[in-house]
Amino acid sequence: MKVYFTGAGPGNPEYLTVMALRLLENARCCIWAGSLVNPTLLTILPEFCDIFDSAKMSLDETTAVIREYSEKGIDVIRLHTGDPSLYGAIAEQMRELDKLNIEYELVPGIGAFQAAAATLCTELTAPEISQSVVLTRTSGRTPLPIGQELENFAKTEATLCIYLSAHKPKEVCDTLAPYYGEDCPAAFIYHASWEDEDKIVSTLKELPALVEKSGYNRTSIIIVGRALAKMGAKSKLYSSYYTHGYREATK
């Protein structure tokens, strides 16, 4: 018996990995994050699969379900939104499984930041502008560790992908504007890859008012950075002036 912490991807069923799809198609027990995972994915589960919504359960309760099915020798699919390694609260679940000597495995999934980049038809990195992408969040019930506040990441002018902050776009933009400039491109993507996906593309100055007008305040990601302008130097990789291990310069 094994527990599979499985990435459901950002929402679109076609963004599931082949492995995740196979696990869902053959699942006999699935615990899914009902507050975040697209319920359309449940249609992939067979009729005989027992389904539990973890949005209504505590850690003790989900662990109890896993233990019950473990004793029956039945694998459990623990379905998390996006990639389970990002804000998935899986470490605490694994600690409980370690105590019970229950084996588990991680199945990666496409993250919301990747789906959002696809929606924006953009590259998150740009030569000589941003060569780093930071996945972060603002402080909430879970405080940020000292040194990991937005201001500190902003000093690097990296592309910021900000999770769990859809309810406070003004705070985010006001914090970042002194470092990136009010004219810096900023995007707010609601339900990236879902059927009702929506995007707001603007600047740090204008974005908060547009988001407030939209009414979106959850299940969204904010992306900020000059790379979104799709400008910058050309890469050396495809330059005809550049020699590398696979090609000689032609100019």
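User: Hi! Before we look around, what is a nonpolar core?
Analyst: A nonpolar core is a set of buried Ala, Val, Leu, Ile, Met, Phe, Trp, Tyr and Cys residues joined through side-chain atoms within 4.5 Å; buried means under 20% relative accessible area, with a 1.4 Å probe and protein chains only. This is a predicted model, where local features need pLDDT of at least 70, side-chain atom pairs count only at pLDDT 80 or more, and totals for chains, interfaces and linings use all residues. Residues are numbered from 1 along each chain as its sequence is written, and side-chain values use heavy atoms, leaving out hydrogens and water.

User: Cool. In the largest core, which residues touch the most other members?
Analyst: Those are L176, Y180, F188, L204, L207 and V224, out of 22 residues.

User: And which element gives the most to this core?
Analyst: Helix α6 does, with 5 residues. Helices (H or I, at least four residues) and strands (E, at least two) are DSSP runs, numbered from the N terminus.

User: What is L207 in contact with?
Analyst: Leaving aside neighbours within four places in sequence, L207 contacts C173, A186, A187, F188, I200, S202 and I222. Contact means heavy atoms within 4.5 Å.

User: Switching topic: what order do the strands of the open sheet have?
Analyst: The 5 strands run β3-β2-β4-β1-β5, with parallel pairing. Two strands pair if DSSP finds at least two bridges between them.

User: Which are the edge strands?
Analyst: β3 (50–53) and β5 (103–107), each pairing on one side only.

User: How many bridges join β1 to β4?
Analyst: There are 5, between residues 2–7 and residues 76–80. Within that pair, G7 stands opposite H80.

Definitions and conventions
Buried means under 20% relative accessible area, exposed over 50%, partly exposed in between (1.4 Å probe, protein chains only).
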